[in-house]
Amino acid sequence: MSNETTPTERQEPAIRVAGVTKAFGDVPVLRGVDLEVAPGSIFALLGSNGAGKTTLIRILATLLKADAGTASVQGHDVATRPDRVRESFSLTGQFAAVDEILTGRENLVLVGRLRHLPDPGRVADDLLARFSLTDAGGRRAATYSGGMRRRLDIAMSLIGDPPVIFLDEPTTGLDPQARIEVWQAVRDLAASGTTVLLTTQYLEEAEELADRIAILHEGRIVVEGTLAELTALLPPAKVEYVEKQPTLEEIFLALVGTTTATAGN
Amino acid sequence: MSTHVVADTRALLGRSLRHILRSPDTIITTAITPIAMLLLFVYVFGAAIDSGDGKYVNYLLPGILLITVASGIAYTSYRLFLDLQGGIFERFLSMPIARSAALWGHVLTSLVANAISVVLVVLVALLMGFRSGAGILAWLAVAGILVLFTLALTWLAVIAGLAAKSPDGAGGFAYPIIFLPFISSAFVPTDGMPGPVRWFAENQPVTSIVNTLRHLLGEQPVGDDAWLALAWCAGLLVLAYALAMRAYRRRFA
């Protein structure tokens with residue numbers, strides 16, 4: 001297990017997990033997880049299905065109690081101050097948790113009201129514009145495409161400007177274009193100072209987005225570091241001449257056209 | 001956090017009421033079975049039923065109202081189940097809202113939806129000749145008992161919604177409750193029933209509730225039935241609420 005040695009930032013970590021274990025019945029899911037996430041960074045938790053990623057996120061999101069160990073978000077302990085923790089983060093779960101019967105705008109207004117904002121309507125309109133959903137704002141979320149739904153989901157998570165965002169497999173089940181849109185949204189978030197903890201089973205996604213990457217395997221963090229540090233764990237790269245075939249994704253995007261009017265603004 | 005209970009509950013109540021407004025079929029389907037029973041029993045079987053003096057529709061309506069509520073609460077478990085399955089419930093619980101608001105939103109929605117269904121059924125009964133000379137206080141008492149009955153059954157529905165593994169399972173628990181009025185004084189007087197059935201009919205909650213509503217609407221003294229009905233409703237409500245909260249806490253530690 002590699003320890004955190006971040007010489008650049010010695011701030012209080014935004015997320016701290018120490019010795020967390022969790023078992024469901026006799027099945028141990030987390031066997032002592034330690035990790036720290038620096039404020040304003042993107043941290044990717046990588047692991048295959050069943051590695052315990054979602055369980056860890058649910059513990060951090062105060063939806064599940066750890067059997068042992070401690071976890072805190074923005075300095076608040078999840079077990080003893082869940083109320084303070086809930087004010088500090090926002091969760092985007094594995095399945096887009098939007099209300100399909102409500103319109104996109106109504107979804108945002110609802111979350112704004114639940115976060116007790118003074119003017120939820122204005123916040124909703126701002127977010128619709130920011131996520132290129134203004135035209136769709138008056139339509140029921142049930143009519144949205146997968147990518148739009150995910151963007152609405154993330155927009156709902158941004159209401160109230162929580163300093164920490166948990167994204168549990170944000171791009172699972174999305175088509176390549178929608179995935180790029182979500183990635184852009186995540187980058188924008190981090191650029192504005194939000195701490196992002198995301199889980200993914202796509203190595204490419206972690207490579208693309210994360211400042212630091214941890215690999216969760218069989219309930220433990222087996223390795224943690226920057227992409228460069230992880231690459232250095234393997235023998236140095238050999239130079240080989242390989243005829244480069246375009247990836248299917250590149251072909252797909254070239255043919256379909258990356259209409260990323262949605263991604264930038 | 002508890003300072004937000006009212007605001008949070010109101011926000012979530014508004015949400016579920018929108019669901020009902022946008023799928024009014026749930027209210028129609030809730031009302032349609034009791035209305036069909038009303039028609040069937042008044043116009044087909046009614047002539048063969050000796051319910052004493054007065055019109056059979058007057059005798060029948062209280063039981064039909066309980067059936068209306070019993071079929072309406074199935075939608076509460078169903079909606080709660082869908083929220084849990086879709087992840088939006090976890091989204092609510094991961095926000096700094098009053099923890100109870102997520103359930104109360106559904107419970108109050110059940111009250112509103114069932115009230116509308118009950119009014120629809122009463123309107124149909126009026127068209128069929130139902131009449132009552134009951135005063136405003138008696139009507140308020142009828143409404144009060146129905147609200148208490150709805151609340152008690154709704155908390156049962158919450159347990160079912162929390163425990164269900166499939167949408168069908170979430171709604172299915174209501175069938176035995178819909179059936180309960182048949183073995184009570186709701187459709188026919190209990191006098192003619194054979195011993196054990198009669199004993200069950202006279203000692204199960206529906207009979208005392210039906211009798212109380214019937215006496216209130218028929219401008220007769222309610223007697224001990226009223227206390228018994230209140231005790232059943234309140235007891236059931238407290239028990240269902242306690243079990244629902246236990247299931248809720250167990251699931252979301």
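**Chain B: His4, the face toward chain A, and a helix pair**

B:His4 sits in the segment that comes before helix 1 of chain B. Keep in mind that this is a predicted model. From that residue we move on to the contact between the two chains, where 22 residues of chain B meet 20 residues of chain A, and then to a helix crossing inside chain B.

**Around B:His4**
- B:His4 counts as partly exposed because it has 17 C-beta neighbours inside 10 Å, and a residue needs 20 or more to be buried.
- Leaving aside residues up to four places away in sequence, B:His4 touches B:Ile97 and B:Ala98, plus A:His116 from the other chain.
- The C-alpha atoms of B:His4 and B:Pro96 are 9.3 Å apart, though 92 residues separate the two along the chain.

**Where chain B meets chain A**
- To recap the tally, 22 residues of chain B are in contact with 20 of chain A.
- On the chain B side, helix 1 (5–22) and helix 5 (88–93) each chip in at least two residues.
- Helix 1 of chain B gives the most to that side, with 7 residues.
- Sorted by class, the chain B side has 11 nonpolar, 6 charged and 5 polar residues.

**Helix 4 against helix 6 in chain B**
- The axes of helix 4 (residues 74–86) and helix 6 (residues 101–127) of chain B come within 10 Å, crossing at roughly 145°.
- That crossing is right-handed.
- Helix 4 of chain B brings B:Tyr75, B:Thr76, B:Arg79 and B:Leu80 to the contact, while helix 6 of chain B brings B:His106, B:Ser110 and B:Ala113.
- By class, the residues of this contact split into 3 nonpolar, 3 polar and 1 charged.

Methods:
Residues numbered from 1 in each chain as written. Chains lettered and ligands numbered in written order. Predicted model: local features only at pLDDT ≥ 70, side-chain atom pairs only at ≥ 80, totals over all residues. Axes fitted to C-alpha atoms, helices over the stretch in contact; angles between N-to-C directions. Helix = DSSP H or I, 4+ residues; strand = E, 2+ residues; numbered from the N terminus. Left-handed = near helix turned anticlockwise from the far one by under 90°. Contact = placed C-beta atoms within 7 Å. Nonpolar A, V, L, I, M, F, W, Y, C, P; charged D, E, K, R; others polar. Buried ≥ 20, exposed ≤ 12 C-beta atoms within 10 Å, placed from the backbone.
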